[in-house]
Amino acid sequence: LPISEIDYFSLMFLTELKLLIITATNSVLGNHVDEHIMDHFIGSLPGMSVQPLSSIARYWNEKDVSFITAQKFAIKTGLRKNRWEQIRGALKFWEGNAEDEEK
C-alpha cells in the first residue's frame, strides 16, 4: 500500500510532540484542533513543498493547476482553505508563559 501524507507525518512526529503542538495551537484557537485535524494540516505540507504555487489559495482552485487536480487538494487534506489558513495563523510549537517570552 502507498504511504499517505498523514502516514508520513505520523512516522516523523511522536504522539507526545503532536499533542504539545495541538495544545499550544489551541491556546490561540480555543480547543478547535484535534489530532485528526492536525494530522491533515501537517500532512498537507510535504505535498505543498513538492509543488510550490505562487499563493496558498491556488491549491484550492477550481481549475487544474499543474499536476494538482482541482478540488482534489481539499478532499485529500480534509481541510477547506479558510480552515487551513486559520490553523496556519495560530500554529504554535510550544505554549510558553509571558516570563519565557521576555527572555
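**Helix packing in an all-helical chain**

In this predicted model, helix H2 meets helix H3 through Thr15, Lys18, Leu19, Ile21, Ile22 and Thr25, which touch Glu35, Met38 and Asp39 of H3. Sorted by class, the residues of this contact comprise 4 nonpolar, 2 polar and 3 charged ones. To picture how such a pair is arranged, it helps to recall that two packed helices are described by the angle between their axes and the distance between the axes. Here, the axes of H2 (residues 15-29) and H3 (residues 35-50) come within 10 Å and cross at roughly 100 degrees. Angles of 65 to 115 degrees count as roughly perpendicular, so H2 is roughly perpendicular to H3.

Attention now turns to helix H5, which spans residues 81-90 and has Arg83, Trp84, Ile87 and Ala90 as its buried residues. These residues lie on the same side of H5, because they cover an arc of only 140 degrees around the axis. What lies over them? The cover of the buried residues of H5 includes H2 and H3. On the face of H5 turned away from its buried side, the exposed residues Asn82 and Gly89 are found.

Stepping back to the whole chain, the secondary structure consists of 6 helices and 0 strands, following the pattern α-α-α-α-α-α along the sequence. Of the 103 residues in the chain, 30% are buried. Among contacts with a separation of 6 or more, 57% join residues 24 or more positions apart. Finally, the chain exposes about 7100 Å², with carbon and sulfur atoms supplying 55% of that area.

How values were computed. Residues numbered from 1 in each chain as written. Predicted model: local features only at pLDDT ≥ 70, side-chain atom pairs only at ≥ 80, totals over all residues. Heavy atoms only, no water. Axes fitted to C-alpha atoms, helices over the stretch in contact; angles between N-to-C directions. Helix = DSSP H or I, 4+ residues; strand = E, 2+ residues; numbered from the N terminus. Parallel < 35°, antiparallel > 145°, perpendicular 65-115°, else oblique. Contact = heavy atoms within 4.5 Å. Nonpolar A, V, L, I, M, F, W, Y, C, P; charged D, E, K, R; others polar. Buried < 20%, exposed > 50% of the residue type's maximum accessible area, 1.4 Å probe, protein only. Arc of directions from axis to C-beta. Areas by Shrake-Rupley, 256 points an atom, 1.4 Å probe, with all protein chains shown as cover.
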